[in-house]
Every structure is written in structure tokens, then in C-alpha cells.
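Colleague: Can you walk me through this one? I would like to start with the sheets and then move on to the helices.

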Amino acid sequence: MQSPATLSRRLLAGTIPTPTLVHHSNPISLRSRPTTVRMALREDGPSIAVVGVTGAVGQEFLSVLSDRSFPYRSIKMLASKRSAGKKYTFEDNEYVVEELTGESFKGVDIALFSAGGSISKEFGPVAVECGTVVVDNSSAFRMVDGVPLVIPEVNGDAMKDVKLGKGALVANPNCSTIICLMAATPLHRRAKVLRMVVSTYQAASGAGAAAMEELELQTREVLEGKRPTCNIFKQQYAFNLFSHNAPVLPNGYNEEEMKLVKETRKIWNDKDVKVTATCIRVPVMRAHAESVNLQFASPLDENEARDILKKAPGVVVIDDRASNRFPTPLEVSNKDDVAVGRIRQDESQDGNHGLDIFVCGDQIRKGAALNAVQIAEMLL
């Protein structure tokens, strides 16, 4: 029997098979990882650094870089002092993890950061001073004026002034924001969203590999009648769900919910759009799900909305009412696309001014590493 740590590593690495999408009359395919490694080491590529390489998102950075044949002439693996000296084989070459210091970014063109907000605040500006473009996965710079907050399919034009060779900060949005706006933005462009109500169902992967390991461990313990180990969330996670573990603010919203509110307004460049969110942690290993209710300025019927979403980049529609088949976290795990279904008119709003949709996306993939690498690709 596999240990929790082994299972978690396999889940993160994508070596546990996920279900094939099957639709009896209209097959749907989500883009998944290529089956062969494509070498991208070349002299004309930029130099890359991965900060926080030993973490779940750091490891996914490497997978995405390889999957997409991202060109690079060199790559640095950076992490904390305790991880320095570890060795990784990446595209048939062995690399030694280096300790992150102020000297790490000399000669580095692009740095992908996923080591937490405090590390980003300390070393992000240092990297920029060295002429590095920093793509940061933490919340450290998202709401800072002048720092682009980017989902390439949604607001890639926010990157227009960021160039290789000129140090800059670019922020990756929160995973729940990315997954939501991948589906909501194509509809927003057509009919303008006035108000959006989001309920999230967030997986253990959002809290890292340790949370995934604890969920698997707790599941075994509960089934065996044992008291569950609660080190990460301080309460039982297996066979349970609870309000997202982010700190609760004076207004009653937690930080995760307010990220969705504030980040949406910045990404859409619309300070007046009304957004409210309730974020819930559910006992799912990997990939978030979200229920999204939209109120529009202009009428938009469900058939047109479905057609718009079918044509949207990075989105796949899974909306089979006859078979009661809609997106699930398992189906999008280790996949690039965000899946959308349950597309229906909101009966509580008059005149086709409202829609409900259900969205699922891989939190580590499009919700973090893939989005960051796509940002880096825009610099090439």
C-alpha cells in the first residue's frame, strides 16, 4: 500500500491516471500533458530561475516548462537553505538546488516565484534590480498599483510595457480568480457583468502537498475508526467540508473571498463591478470547482452563452443535461483547460439578464503554474 506522501507526490506529478472524458454523442477532449518530453534547452532562449522549486507549484513550473517546450538557455533551481543541495533531473540534465540569496538573479531574464509572500516581498525587488522579469505566484504584489495582474487569455494587454531585459514585476492572480474569470470573461465581453456571486469548492492542493497528504491520511484513519490527524487545518477534513481556512476579516469575509472581489475588479479594470464570494474547502485532492451566478447589463441567453464559451481559448464546455454530466474536479485534474457546464438562465432575473454556470479547473496547473508560464511566454 502506498504511503500518503507517495500518493501525494504521484498526484502532484500527474502519474496517477485521471478519468477519460467520454460523451456518447459528442466527444470532448481536455488538453493534458504531452506523453513525451520535448527538449527546449537552446542558446537563443532566456535564462530562467524557479524560486521555490521544491514546492508543489515549483515542481509544476518545471512540468509546464517542459510540456510547452519553453525555450531557455539556462535554468536555476532556487529554494531555502535547508533544500539547497538537493538534485533534480530536468529534461535529461541534472541540476542542484541552490540557496536563494540576493546574488541569485545575476544574469537571469525571467524568474518564476512560488515561495510565499514574504519571500516574494524580500527577493522580488532584488531580482527586478538585476533586470529580471519576476512572475510572482503569491499575493504580495497583486494589488500594488503599476504591477500587472495577468491572465493571458483575459487581459494580456496589461503586459504591453513589460519587456525582457528590463526588470519588472508581474503578478499571477489567485487560483480561484483565474478559474472563475476564464469562464466569466468571455460572457462579460459580450453582455457586461454588473454583479457576480461566486461559491467555491476548493481542493486540498490549494494548501500544498502537506494538506493533500493529510487528507489521504485522515481518510484512512476515519475509515479505520481512528482519531484523525489534524496538523494542517486543525479540524477533520476527510468526509467533511468547512469555510476556507484563510483569516476572517472585520467585514466577515475571509482573505480568499476578498481576493476574488479585488482581483476581479483589477483584472477587468472595472472598480464598479459588484462581486461577492463564499469560499469553502472540500475534501478533494486536486482541482477547484466554482458555482458562478452572473447578472448582465445586456440580455444574454444560455444558447448564445454556450456558443461563446465553446469558442473561448482555454475553456471546454461539458454540459450534457440528458446524461446529467457536467464538469468535475477529477476530469480536469492535470489538464490545462477550464471546464464549464450547468449553463442555464437564472430564473430569478427577468429578461435574460442572468446566468448560472459551474466551473472546474486544476488549481496547480491553470490556477498557478500554467498561468505563470503563459505570462513568461508573452515575453518571448
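Modeller: Bear in mind that this is a predicted model. One sheet is open and has seven strands, in the order β10-β11-β9-β12-β15-β14-β13, with mixed pairing.

Colleague: Which are the edge strands there?

Modeller: β10 (242–243) and β13 (315–317), each of which pairs on one side only.

Colleague: And how do β12 and β15 pair?

Modeller: In the antiparallel sense, over eight bridges, with β12 covering residues 288–296 and β15 covering residues 354–361. To give one pair, E290 has V359 in β15 as its bridge partner.

Colleague: What does helix α5 touch on that sheet?

Modeller: α5 (residues 175–191) packs on the sheet and touches β9 (193–202), β12, β13, β14 (338–345) and β15. Its direction makes about 30° with that of β12.

Colleague: Which strands does α8 lie across?

Modeller: Helix α8, residues 302–311, lies across β13, β14 and β15. Relative to β14 it runs at about 170°.

Colleague: Back to α5 for a moment. At what angle do the axes of α5 and α7 cross?

Modeller: Roughly 50°, and the axes come within 9 Å; α7 is residues 255–267. The two helices are therefore oblique to each other. The crossing is right-handed.

Colleague: Which residues meet there?

Modeller: From α5, C175, S176, T177, C180 and L181; from α7, E256, K259, L260, E263, T264 and I267. By class, that contact has five nonpolar, three polar and three charged residues.

Colleague: OK, new topic. What is the strand order in the six-stranded sheet?

Modeller: β5-β2-β1-β6-β7-β8, in an open sheet with parallel pairing.

Colleague: Why is one side of β5 and of β8 left without a neighbour in the sheet?

Modeller: β5 (98–99) and β8 (168–171) stand at the edges and each has a single partner strand, so there is no neighbour in the sheet on the other side of each.

Colleague: How many bridges between β7 and β8?

Modeller: Four, in the parallel sense; β7 is residues 133–136. Within that pairing, V134 stands opposite L169 in β8.

Colleague: Which strands of that sheet does α2 lie across?

Modeller: β1 (47–51), β2 (74–79) and β6 (110–113). α2 runs at about 150° to β1.

Colleague: And α2 with α10, how do their axes cross?

Modeller: At roughly 55°, coming within 9 Å, with α2 being residues 56–67 and α10 residues 365–377. That angle makes α2 oblique to α10. This crossing is right-handed.

Colleague: What meets what in that contact?

Modeller: V57, E60, F61, S63, V64, L65 and D67 are on the α2 side, and R365, A368, A369, L370, A372 and V373 are on the α10 side. The contact has nine nonpolar residues, one polar and three charged.

Colleague: Last topic, charges. How many salt bridges in the whole structure?

Modeller: The search finds 21. One of them joins E153 and K366, whose closest N and O atoms are 2.8 Å apart.

Colleague: Where do E153 and K366 lie?

Modeller: E153 is in helix α4 (residues 152–155) and K366 is in helix α10, so the pair ties together parts that are 213 residues apart in sequence.

Colleague: And in general, when can such side chains pair?

Modeller: Side chains of opposite charge can pair when their charged atoms come close.

Definitions and conventions. Residues are numbered from 1 along each chain as its sequence is written. This is a predicted model: local features need pLDDT of at least 70, side-chain atom pairs count only at pLDDT 80 or more; totals for chains, interfaces and linings use all residues. Side-chain values use heavy atoms; hydrogens and water are left out. Axes are lines fitted to C-alpha atoms, for helices over the stretch in contact, and angles run from 0 to 180 degrees between N-to-C directions. Angles under 35 degrees count as roughly parallel, over 145 as roughly antiparallel, 65 to 115 as roughly perpendicular and the rest as oblique. A crossing is left-handed if the near helix is turned anticlockwise from the far one by less than a right angle, and right-handed if clockwise. Contact means heavy atoms within 4.5 Å. Ala, Val, Leu, Ile, Met, Phe, Trp, Tyr, Cys and Pro count as nonpolar, Asp, Glu, Lys and Arg as charged, and the others, Gly among them, as polar. Two strands pair if DSSP finds at least two bridges between them. A salt bridge is a side-chain nitrogen of Lys or Arg within 4 Å of a carboxyl oxygen of Asp or Glu.
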